Amino acid sequence: MAAYLPNTLEQLVRAGVNITIEDVSYLPQTLFELALIAKGSGSHITIAGNYLPATLEKLAQIAGGQLTVIVKK
């Protein structure tokens, strides 16, 4: 299955949809933008992927409680 375009995800998050990003990789800048939108809209983002710790830390700073990170083996 193909990943959604970042614009589609942004529209969904703006509409208040909770999203899970798993088994696909988006650029950190895309994730940061989604986190900012989620913070304002009340949406929740769940991320399960191999992102650098610095990326995850920045996402946490931006989104706070609007973010869940799934740690996989």
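These legends go with close-up views of a predicted model.

**View 1. The open sheet and its edges.** Three strands make up an open sheet in the order E1-E2-E3, and the pairing is parallel. Strand E1 (19–22) and strand E3 (67–69) sit at the edges with a single partner strand each, so one side of each has no neighbour in the sheet. On average, neighbouring strands here are turned by 15° against each other, direction ignored. As a reminder, strands of a sheet pair through backbone hydrogen bonds, either parallel or antiparallel.

**View 2. Where E1 meets E2.** Four bridges hold the parallel pairing of E1 with strand E2 (residues 45–48). Zoom in on two of them: isoleucine 21 has isoleucine 47 as its bridge partner in E2, and glutamate 22 has alanine 48. Which residues of E2 are buried on its two faces? Ile45 and Ile47 are buried on one side, and Thr46 and Ala48 on the other, so both faces of the strand are covered. That fits the usual pattern, as side chains in a regular strand alternate between the two faces of the sheet.

**View 3. Helix H2 lying on the sheet.** Helix H2 (residues 28–41) packs on the sheet and touches both E1 and E2, with its direction at about 155° to that of E2. For a quick geometry check, the 14 residues of H2 should span 20 Å at 1.5 Å a residue, and the end C-alpha atoms are indeed 20 Å apart. Just past the helix, glycine 42 takes a positive phi of about 85°.

**View 4. The buried residues of H2.** Thr30, Leu31, Phe32, Leu34, Ala35, Ile37 and Ala38 are the ones to look for, as they are buried in H2. What covers the buried residues of H2? The cover includes H1, E1, E2 and helix H3 (53–63). When reading the list of positions, keep in mind that an α-helix has 3.6 residues a turn, so residues three or four places apart point the same way.

**View 5. Glutamate 10, a buried acid without a salt bridge.** This residue belongs to helix H1 (residues 6–14). Leaving out residues up to four places away in sequence, glutamate 10 touches Glu33, Leu34 and Ile37. Two of those contacts, Leu34 and Ile37, are among the buried residues of H2. Which side chain of opposite charge is nearest to glutamate 10? Arginine 14 is, at 4.0 Å, yet glutamate 10 is buried and has no salt bridge.

**View 6. Glutamate 22 and lysine 72, paired by charge.** Side chains of opposite charge can pair when their charged atoms come close. Here the side chains of lysine 72 and glutamate 22 meet in a salt bridge, 2.7 Å from N to O. The pair ties together distant parts of the chain, 50 residues apart: glutamate 22 is in strand E1 and lysine 72 is in the segment after E3. The salt-bridge count comes to one. Are the two partners buried or exposed? Lysine 72 is partly exposed at 49% relative accessible area, and glutamate 22 is partly exposed too, at 35%.

**View 7. Around glutamate 22.** Setting aside residues up to four places away in sequence, glutamate 22 touches Ala48 and Lys72. For scale, asparagine 50 is 28 residues from glutamate 22 in sequence, and the two are 9.6 Å apart in space, C-alpha to C-alpha.

Notes
Residues are numbered from 1 along each chain as its sequence is written. This is a predicted model: local features need pLDDT of at least 70, side-chain atom pairs count only at pLDDT 80 or more; totals for chains, interfaces and linings use all residues. Side-chain values use heavy atoms; hydrogens and water are left out. Buried means under 20% relative accessible area, exposed over 50%, partly exposed in between (1.4 Å probe, protein chains only). Lys and Arg count as positive and Asp and Glu as negative; His and the chain ends are not counted. Contact means heavy atoms within 4.5 Å. Two strands pair if DSSP finds at least two bridges between them. Axes are lines fitted to C-alpha atoms, for helices over the stretch in contact, and angles run from 0 to 180 degrees between N-to-C directions. The expected span of a helix is 1.5 Å times one less than its number of residues.
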